[in-house]
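Grab a coffee and open your viewer. Below is a short set of exercises, each with a worked solution.

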Amino acid sequence: GGFSPTCSFLSPHPLPRLPAVVHKMISPLFLVGVVAGASTPRVKPYYHLSPDYGGLNDPNGLFYFKGVYHIFHQWHDPPSIPIDWFHQTSLDLVHWTRRGYIGVNTTSGGAVMDDDGVPTLILSFGQEVRTAVPTNLSDPFLLEWRLEKRDLMHGNVLPPNVPGYWDVSGFMAPDGTYRLISGSCERAGGNGSYCDGGSTPGNPQVMVSAAAKFADDFRFANIPWKASNATYGPRVE
């Protein structure tokens with residue numbers, strides 16, 4: 001594929017200060033290179049994680065475990081490569097190694113440590129929210145993951161004016177309880193948001209569900225934020 005095995009996205013050295021006259025020379029050349037599609041050297045972000053090609057989105061699965069930083073994010077290159085959850089690791093937050101797909105066709109999610117301290121991915125599949133866990137905790141890079149059958153939202157009763165949700169992530173609150181946070185909408189007859197597969201318009205908002213322990217059933221908690229009208233945007237998450 002197009003991914004290099006290892007690459008550095010962040011520079012440990014400060015950028016050099018260039019005279020103004022040099023900047024005036026470089027800027028037009030840079031723009032000409034971009035417009036012409038110049039590929040050598042490739043134009044890449046200097047301080048940000050980026051893919052070799054395709055799209056990176058929803059970098060929500062973040063955790064630190066046994067000396068290794070992990071990032072899980074959406075990556076795809078349509079139409080040949082569908083959306084999937086991609087894994088990268090780092091030992092210093094400077095040099096990142098692309099570990100590849102985990103084999104879960106999801107559009108978004110998150111990551112938490114469960115009640116036993118096991119890294120657990122939260123994965124959104126429409127109105128179903130499932131989890132994935134490492135198959136081998138002795139592997140320092142956690143390369144293989146197993147999708148679990150449990151639906152975190154099973155049995156969660158929503159208010160009558162909240163028809164659904166999307167792109168669920170999660171975190172542990174300061175009191176040790178767990179929260180699931182997601183985009184949602186209020187059934188209000190507007191046309192700014194669609195949260196049950198595209199058939200119900202309404203005003204965008206954020207929805208939170210909670211559980212005392214991760215193994216417990218999650219239940220609707222509150223709506224901490226909502227847009228003042230349906231024109232805020234097609235989605236909020």
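What follows is a set of exercises on this predicted model.

**Exercise 1. Get an overview of the chain and decide where to be careful.**

Solution. Start with confidence. The chain has a mean pLDDT of 77, and 70% of its residues reach 70 or more. Next, look for the weak stretches. Over residues 1-16 the pLDDT stays under 50, and the model has 41 contacts beyond four places in sequence for them. Residues 22-26 also stay under 50, with 3 such contacts. Treat what you see in those two stretches with care.

Now count the elements: the chain has 1 helix and 14 strands. Of its 237 residues, 41% are buried. The accessible surface is about 12,900 Å², and carbon and sulfur atoms account for 59% of that. Finally, take the contacts between residues at least 6 apart in sequence: 46% of them join residues at least 24 apart.

**Exercise 2. Work through the hairpin of E2 and E3.**

Solution. First find the strands: E2 covers residues 55-65 and E3 covers residues 68-77. Then get the direction: they pair in the antiparallel sense, over 8 bridges. For one bridge to click on, take Leu-56, whose partner in E3 is Trp-75. Last, check the turn. There are 2 residues between the strands, and Lys-66 takes a positive phi near 50°.

**Exercise 3. Do the same for E4 and E5, then find an aromatic pair that joins them.**

Solution. Strand E4 runs over residues 81-90 and strand E5 over residues 95-101; their pairing is antiparallel, with 5 bridges. Gln-88 has Arg-98 in E5 as its bridge partner. This hairpin has 4 residues between its strands, and Leu-93 in the turn has a positive phi of about 65°.

Now for the rings. The whole structure holds 9 aromatic pairs. One of them is Phe-86 with Tyr-101, an edge-to-face pair at 5.5 Å centre to centre with 85° between the planes. Phe-86 sits in E4 and Tyr-101 in E5, so the pair ties together parts that are 15 residues apart in sequence. How buried or exposed is each partner? Phe-86 has a relative accessible area of 2%, so it is buried. Tyr-101 comes out at 32% and therefore counts as partly exposed.

**Exercise 4. Compare that with the pair Phe-214 and Phe-218, then look for a ring cluster.**

Solution. Begin with geometry: Phe-214 and Phe-218 are also edge-to-face, at 5.9 Å centre to centre and 80° between the planes. Then check burial, where the cut-off is under 20% relative accessible area. Phe-214 has 6%, so it is buried. Phe-218 has 0%, so it is buried as well. For the cluster, select Phe-63, Phe-72 and Trp-145, which are linked by ring pairs.

**Exercise 5. Lay out the sheet that contains E6.**

Solution. Write down the order first: the 4 strands run E6-E7-E8-E9 in an open sheet, with antiparallel pairing. Which strands are at the edges? They are E6 (109-113) and E9 (145-147), each of which pairs on one side only. From one strand to the next, the twist averages 30°.

Then go to the middle of the order. E7 (residues 119-125) and E8 (residues 128-134) pair antiparallel over 5 bridges. Phe-125 stands opposite Glu-128 in E8. If you'd like the background, strands of a sheet pair through backbone hydrogen bonds, either parallel or antiparallel.

**Exercise 6. Look at the backbone of two aspartates, Asp-58 and Asp-167, and say where each one sits.**

Solution. Take Asp-58. Its phi is positive, about 50°, although it is not a glycine. It lies in strand E2, the strand you met in Exercise 2. With 8% relative accessibility, Asp-58 counts as buried.

Now Asp-167. This residue has a positive phi of about 45°, and it is not a glycine either. It belongs to strand E10, residues 165-172. Is Asp-167 buried or exposed? At 17% relative accessibility it counts as buried, because the cut-off is under 20%.

How values were computed. Residues are numbered from 1 along each chain as its sequence is written. This is a predicted model: local features need pLDDT of at least 70, side-chain atom pairs count only at pLDDT 80 or more; totals for chains, interfaces and linings use all residues. Side-chain values use heavy atoms; hydrogens and water are left out. Two strands pair if DSSP finds at least two bridges between them. pLDDT is the predictor's confidence in each residue, from 0 to 100. Contact means heavy atoms within 4.5 Å. Buried means under 20% relative accessible area, exposed over 50%, partly exposed in between (1.4 Å probe, protein chains only). Accessible areas come from the Shrake-Rupley method with a 1.4 Å probe; for residues, only the protein chains shown count as cover. Axes are lines fitted to C-alpha atoms, for helices over the stretch in contact, and angles run from 0 to 180 degrees between N-to-C directions. Rings of Phe, Tyr and Trp (its six-membered ring) pair if their centres lie within 6.5 Å; planes under 30 degrees apart count as stacked, over 60 as edge-to-face and the rest as tilted.
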